[in-house]
Structures are given as structure tokens and as C-alpha cells.
Amino acid sequence: MITAFNLAGFLSAHAMWCVSDGEIFTPIFGYTTEAGERRMERLVTESLETAVAMGKDKLTLNEHDANDAVLLYDARIPLNDERFDAIIVEIRSYFSPGSEAVMAIPYRPKGSSDPFRVYKPKLVQWANCEDFDVNAAVQSFFEGVDGHEKGAAVWNEALDQSI
């Protein structure tokens, strides 16, 4: 899960870069090949629901024979009696079948008078991951964020750790 979380962090930084200017986020499926190359596919369909379903199928089927894969999509989540926009990140490491993690990265879109904000990521699922160190995985996630130059700059400038 360590390398999967690194990929998740990198693509999450990319996602925050995309939404920072108010762009509608197109779901992304990303994976690493046997050779360690990162690949990314935008899931363009007629609806968000169809794109997310397609991405979930890709996670399940592993049609690229990937080492790790992540699916990112936009959603709304409840936090502190409010609802927030968030990038949902579903994470898989195929070396450990059945291991699944999900993170939610709440954000506030840029408004006419409100600046774009990125809030602390939330680990919302850590299933069948007993063989992994959650702290090492989260550290790897943030190393992945830092690995995306433009996304990390946007993330760090917009970071609000109040939520």
C-alpha cells in the first residue's frame, strides 16, 4: 500500500490543481505498471455516476495488470454538521488482494469572494490492510503530493487545517 498511497498523493495533488480554478473535475483512474511507470486515464462519460462506476470496475478488474491503482472523483461529504466538496480517492495494491483504502480530501471551491481551500485529508476506509503501517502509508501519500510540483504548490498555498 505504500507505493499505492504515493500514487494516490501525486494524483490528489493533480486533482487539487484542477479544481483550484473552479474547473469541473473529471474522474481519474491511475495506475503503476510492472516497470513502475505511472499512467493516468480521464474517465469521460455522459455522467459522473457512469464514470465512477467505470472506474470502480477498473479497480476490480485490474485490466492493465497494474501493481497499484487509484480512482479519484468529486463528491460531497458530511463533516462537522456541514457538507463539503471532496475528492474521493479509492486506493488498491494488487500485491495484497482484498486490501482497500479510501481517503476523502475536503476542499472549498473558489468563490467570488472566497479563496480556494484544501482541508486535511481523511482516511475513511482501511480494510484488510493489517500487514501495512497506516502512518507509513499516509507519509507516502504526502510524499506523492509533494512530487507533483504544480499541484503541491496549489495545495500548500490553499491548505487550511481547521477541518
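Confidence in this predicted model is summarised by a mean pLDDT of 93. Of the residues in the protein, 99% reach 70 or more. Among the elements, strand E1 (residues 28–32) has the highest confidence, at a mean of 97. The lowest is found in strand E7 (residues 122–127), at 89. Where pLDDT is low, predicted coordinates should not be read in detail.

The protein contains four helices and eight strands. Their order from the N terminus is α-β-β-α-β-β-β-β-β-α-α-β. The radius of gyration is 15 Å, close to the 15 Å given by the globule rule for 163 residues, so the protein is as compact as a globular protein of that length. Along the principal axes, the C-alpha atoms fill a box of roughly 45 × 35 × 30 Å.

Burial and contacts were then computed for the whole protein. Of the 163 residues, 49% are buried. Contacts between residues at least 6 apart in sequence were also considered. Of these, 54% join residues at least 24 apart. The accessible surface comes to about 8,300 Å². Carbon and sulfur atoms account for 49% of that surface. The protein carries 14 positive and 26 negative charges. The mean positions of the two sets are 6 Å apart.

The end of strand E3 and the loop that follows were examined residue by residue. Leu-79 belongs to strand E3 (residues 68–79). Its relative accessible area is 17%, under the 20% cut-off, so Leu-79 counts as buried. Beyond four places in sequence, Leu-79 touches Phe-84, Pro-106, Lys-122 and Ile-163. One of these partners, Lys-122, is 43 residues from Leu-79 in sequence. The C-alpha atoms of Leu-79 and Lys-122 are 10 Å apart in space.

Asn-80 lies in the loop between E3 and strand E4 (82–93). Asn-80 is not a glycine, yet its phi is positive, at about 50°. The relative accessibility of Asn-80 is 58%, over the 50% cut-off, so this residue counts as exposed. Asp-81 is also found in the loop between E3 and E4. The phi of Asp-81 is positive too, at about 65°, although Asp-81 is not a glycine. Asp-81 is exposed, with a relative accessible area of 84%. Along this stretch, then, a buried Leu-79 is followed by an exposed Asn-80 and an exposed Asp-81.

Ala-101 is placed in strand E5 (residues 100–108). Its relative accessible area is 0%, and Ala-101 is therefore buried, the cut-off being under 20%. Leaving aside neighbours within four places in sequence, Ala-101 is in contact with Met-1, Phe-5, Val-89, Glu-90, Ile-91, Arg-92, Gln-125 and Trp-126. Val-89, Glu-90, Ile-91 and Arg-92 fall within the range of strand E4 (82–93). Gln-125 and Trp-126 fall within strand E7 (residues 122–127). Ala-101 and Ala-13 are 88 residues apart in sequence. Their C-alpha atoms are 18 Å apart in space.

Gly-151 lies in helix H4 (residues 149–158). Gly-151 is buried, with a relative accessible area of 0%. Not counting residues up to four places away in sequence, Gly-151 touches Ala-13 and Trp-17. His-14 is 137 residues from Gly-151 along the chain. The C-alpha atoms of Gly-151 and His-14 are separated by 5.0 Å.

Technical notes:
Residues are numbered from 1 along each chain as its sequence is written. This is a predicted model: local features need pLDDT of at least 70, side-chain atom pairs count only at pLDDT 80 or more; totals for chains, interfaces and linings use all residues. Side-chain values use heavy atoms; hydrogens and water are left out. Helices (H or I, at least four residues) and strands (E, at least two) are DSSP runs, numbered from the N terminus. The radius of gyration is taken over C-alpha atoms; the globule rule is 2.2 Å times the number of residues to the power 0.38. Buried means under 20% relative accessible area, exposed over 50%, partly exposed in between (1.4 Å probe, protein chains only). Contact means heavy atoms within 4.5 Å. Accessible areas come from the Shrake-Rupley method with a 1.4 Å probe; for residues, only the protein chains shown count as cover. Lys and Arg count as positive and Asp and Glu as negative; His and the chain ends are not counted. The place of a charge is taken as NZ of Lys, CZ of Arg, CG of Asp or CD of Glu. pLDDT is the predictor's confidence in each residue, from 0 to 100.
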